[in-house]
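Reader: I would like to go through this structure by asking how each label was earned. Please set the values against the criteria.

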Amino acid sequence: MISPGLAIPLALWVPLLGCLAIWLLDKSPNLREAATLITGAILFALTVTIFIAVSTGQRPGFQALEVIDGLPIAFQAEPLGALFAVIASGLWLVTSVYSIGYMRAGNEKHQTRFYMSFAVAISAAIGVAFAANLFTLFIFYEVLTLSTFPLVTHKGDEAARRGGRIYLGVLMATSIGLFLPAIVWTYVITGSTDFVEGGLLAQHVDAAGPIVGILLGLYAFGIGKAALMPVHPWLPNAMVAPTPVSAFLHAVAVVKAGVFAILKIVVYIFGIDLLKDTGASIPFMWIAAGSILLASAIAMNQDNLKARLAYSTVSQLSYITLGAMLATQMGVMGGAMQIAAHALGKMTLFMCAGAIYVAHHKTLISEMRGLGRVMPFTFGAFFLGAMSIVGLPPMAGSWPKFFLMWGAADAGQLAIIVVLIISSIVNVVYLLSIPVQAFYMNPAQDGAKPQGAGGAFIDWGALKEAPILCIAPPIFTAAGVIALFFFIDPLYRFLLPLVGGG
Amino acid sequence: MNLAAQLAVLPVIIPLVAAPITLLLPQGRAPHLWATLISWLTFAVSIALVSMVSNAGVISYHLGDWAPPLGIEYRIDMANALVLALVSGIGAVVFAFAYRSVEREVDPRQSTFFYCAMLICLTGLMGVTITGDAFNVFVFLEISSLSTYALIAMGAKSDRRALTAAFNYLVMGTIGATFFVIGIGLLYQATGTLNMADLHDRLAGQSNRMVEAGFAFIVVGIGLKLAMFPLHLWLPNAYTYAPSAVSAFIAATATKVAVYVLIRFFYSVFGFDFAFVGHAFTYVLLPLGLAGMFIASLVALFQDDVKRMLAYSSVAQIGYMLLGLSFATVEGLTASLVHILNHALMKGALFMAVACVVFRTGSHSIQAFAGLAKRMPVTTWAFILSGLSLIGVPLTVGFISKWYLLTAAFAAGHWYAAFLIVASSLIAMAYIGRVAEMMLLREPPSEGPYAAAKEAPMSMLIPMWVLVAANIYFGVRTEFTGDMAARAAEALMLVAGGAP
């Protein structure tokens, strides 16, 4: 058993070594994919080691080097980071399996570059997860942006270039234009950028000053990866990427790195109490609430499945921002759980979208009517994932909504509860309608009104599913969505130290 | 006498003596090897000086044993020791890099003259930096400028516009030098001395019209030399049409040395006892620095010639340096000095990458960069990494510069300046991104003049990657840049006398 202190540097280096191995094995795809899977398995084992250590109250960490006085590159595991790392590395393994099926079925070019970029991206995500200070977090945040750029522009055509330009433009502009000044400002005020329990700024700023609100705004919009409106446009534009990229990066690693950073900053830089006392987070709570509703409204009008899922992601991410901005313990708890639940659920949906594309080359929802009868497993998994996103038991997604409502009640923001309810209803409309139409309607005919299918249901003899490697991963994560519902209590207790309990 | 005692004069003497010897060498490889050897020797001496100053404090060397203020004094403190190391270090890399590039871009009959002029230019820049005598600054400034005019004109083999660029620079540069020498003359009139330290003592309390006029002449004169916006008009053409190796060398050194001279005059000669120094900071350097940052960056965004784009970017980056020193705080001055060092590293590497592209395609138009990631991957990644450094991405020197500058801006209460700094970086992101996208995401042309491009030769790649590696190394280790710059800034502030 590796000591948790050693596991953190290893978790950072293993994917980079994997990247090297992938590069060296360029000529033999089977070995190359084996390298990815082995790297993924080792990484998952490492993050689980750290997770277990953190659950027993340890806080392993180390300092790599000090760049400028008071500005070290340092790492420390705490509950939120350990959770994020386990989710990211576990789902990377799942995605890798899925990618192999998807990329081979689609005969995609530049596969070596694809897997290499993925490996660098996961290393960066792990760096974000275990960063012990804002400076380290910022470094890996930028590495994550840059390493995913080749993935977004993978197809290399004009649409990919345009998407890539917006992706890089928005993420870099917000991070350098707002996030970096916010970090420097924090450093100038406190002489440090360390994540401190109870909040770094809580010890320094006169709690009445408007500076808290300004800084919080810089962080909230500077972390473009959290896709709080209006800095969300990169997310739908990143959908030009191959589906495994959308599934993993734009439902899990990249976006979760963003909301993770927001939660972490609220808890460890500001401190929940400071925000509660100053009320500085209330405007951003409303912006997040607006973002939830607005993005859902846009999602409803998208006929392209990936675009609809992208806007749904924008909406769901704002749940986490909302949880942070409620500045209550249960709000933060809900936000942290949403990181886990949404990752599983949304990843299922994206992988299903990819499977549909691989098997039938369909991207528009209106063309998917009746498709459930030949792809029952895919749409079955989609149905479970969608239920979780909506927040229906017995799916994992129901817990974050519960805790967020609890948090909103604690904060005395009853209107937020209404927002959450409306959002869930809208989610039913635009997500659950997809599998329902796929199962119960006839394929769209030219000009004809969509019809109910009547008696005919699944024709087991004429199934036309995607390759097994594309269909097993979403079924697996869909099962995970149900499992997480029942294992929420251990997660709750694991996260308790985050909000000062436990 | 032992060598250690004479060390302070060697960085000037070595290239100065070596330059005419170059002319005696046969054409071909010899002049290049000789000049490279000399540049490495100069660099070694400079490093020795840095460590001496760092350990033992200020070195004062009396030329010909004539005691100052009558004799000429070479005075090396932390600030100019760093600039010396920078100039000779860039020299050592660029000289080694130059051979193949010069072979292609400069008339072979001129190659001995070329390396001779390069060494004279190095002499001048080292001299400006090392001397403690105001008039001596002028002399060396002219030595470096005159040789630079000649070097730029040698770009005429590739593009005849190099001749007009050199001539324009000559006119503007001479006006600058004249202003500068008039300013020195006025100070001499007022004080009867030319030694900088002595000038500082004797100027104390003399706030009269003559001193004010002298100050104004000096600022404008140096402003021209360092391409302070809007006195930068000579720079874009000069950098664009000069031979690529010359662009790399002067972009990384000449303007930096001029900024150093400005700092020296503001802080060591005048100091904050004079109200006009504070006014110059608030009403001249701060607004002009900000304006340069933005306007030049925006202009850079619309250039289709990559060398010209980098040239405008240099004008913008000089804005950062001016901004830093205009805060008149230790942090601001540190930021300025750090950026002098760091910008030299990034711009040197960028110009060298362009030189590699020119070597293989014969053009520095953005069209020539299409699809180079496939044809010249090593060069492409050098360009992209140094470009990221220019933008200020973490783990590069550009980030360190930005960090110091932003902390200085917040600490000085100029929080609006902090946001303008990052906004200007975003424009840098756009113009570097344009070229990077061209290199990474376009298909390489299958026909036409650029179709045959392949990777540049090792003799160019290795020196270029030395600078790229420096961009990364000093991006995570700041003992040699940040800490020393901070010590230099503290010493300068002490002489200048607190806040204005």
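Author: This is a predicted model. Start with the core. The largest nonpolar core has 421 residues. Those with the most contacts inside it are Ala88(A), Val128(A), Leu82(B) and Met464(B).

Reader: What makes this set of residues a nonpolar core?

Author: Membership takes buried residues of the nonpolar kinds listed for a core, joined through C-beta atoms within 7 Å. The set that meets this has 421 residues in the largest case.

Reader: Which residues does Ala88(A) touch, not counting residues up to four places away in sequence?

Author: Ala88(A) touches Ile122(A), Ala125(A), Ile126(A) and Ala129(A). Val252(A) and Ala253(A) are also touched by Ala88(A). A contact needs C-beta atoms within 7 Å.

Reader: Why is chain A called as compact as a globular protein of its length?

Author: Chain A has 18 helices and two strands. Its radius of gyration is 22 Å, and the globule rule gives 23 Å for 502 residues. The two values are close, so chain A is as compact as a globular protein of that length. The C-alpha trace of chain A spans about 70 × 55 × 45 Å along its principal axes.

Reader: How much of chain A counts as buried?

Author: Of its 502 residues, 61%. The cut-off is 20 or more other C-beta atoms within 10 Å.

Reader: What share of the contacts in chain A between residues at least 6 apart join residues at least 24 apart?

Author: The share is 80%.

Reader: Why are E1(A) and E2(A) called paired strands?

Author: Pairing needs at least two bridges. Strand E1 (residues 61-68) and strand E2 (residues 71-76) of chain A are joined by six bridges. Six passes that threshold, so the strands pair. They run antiparallel. Phe62(A) stands opposite Phe75(A) in E2(A). Leu65(A) has Ile73(A) as its bridge partner.

Reader: Which residue takes a positive phi in the hairpin of E1(A) and E2(A)?

Author: Gly70(A), with a phi near 75 degrees. The hairpin has two residues between the strands.

Reader: What makes the span of H15(A) close to the expected one?

Author: Helix H15 of chain A covers residues 398-410, which is 13 residues. From first C-alpha to last it reaches 19 Å, and 18 Å is expected at 1.5 Å a residue. Hence the two are close.

Reader: Which residues of H15(A) are buried, and where do they pack?

Author: The buried ones are Trp399(A), Pro400(A), Lys401(A), Phe403(A), Leu404(A), Gly407(A) and Ala408(A). They pack against H12, H13, H16 and H18 of chain A. Just after H15(A), Gly412(A) takes a positive phi of about 75 degrees.

Reader: Why is Pro394(A) called partly exposed?

Author: Pro394(A) has 14 C-beta neighbours inside 10 Å. Buried takes 20 or more, exposed takes 12 or fewer. A count of 14 lies in between, so Pro394(A) counts as partly exposed. Pro394(A) sits in the loop between H14 and H15 of chain A. Not counting residues up to four places away, it touches Ile482(A) and Phe485(A). Pro394(A) and Ala483(A) are 89 residues apart in sequence, yet 8.8 Å apart C-alpha to C-alpha.

Reader: How do you know that Trp40(B) and Val284(B) are partly exposed?

Author: Use those cut-offs again. Trp40(B), in helix H3 of chain B, has 17 C-beta neighbours inside 10 Å, so it counts as partly exposed. Val284(B), in helix H12 of chain B, has 18 and therefore also counts as partly exposed.

Reader: What makes the span of H2(B) close to the expected one?

Author: H2 of chain B has 15 residues, 10-24. It reaches 22 Å, against 21 Å expected. Its buried residues include Leu10(B), Val12(B), Ile14(B) and Ala18(B). The buried residues of H2(B) pack against H1, H3, H4 and H5 of chain B.

Reader: Where do the two chains meet, and how many residues does each give?

Author: The contact takes 22 residues from chain B and 20 residues from chain A. On the chain B side, helices H17 (397-411) and H18 (415-441) each supply at least two residues. H18(B) gives the most, with 10 residues. By class, that side has 15 nonpolar, six polar and one charged residues.

Note on methods:
Residues are numbered from 1 along each chain as its sequence is written. Chains are lettered from A and ligands numbered from 1 in the order in which they are written. This is a predicted model: local features need pLDDT of at least 70, side-chain atom pairs count only at pLDDT 80 or more; totals for chains, interfaces and linings use all residues. Helices (H or I, at least four residues) and strands (E, at least two) are DSSP runs, numbered from the N terminus. Ala, Val, Leu, Ile, Met, Phe, Trp, Tyr, Cys and Pro count as nonpolar, Asp, Glu, Lys and Arg as charged, and the others, Gly among them, as polar. The expected span of a helix is 1.5 Å times one less than its number of residues. The radius of gyration is taken over C-alpha atoms; the globule rule is 2.2 Å times the number of residues to the power 0.38.
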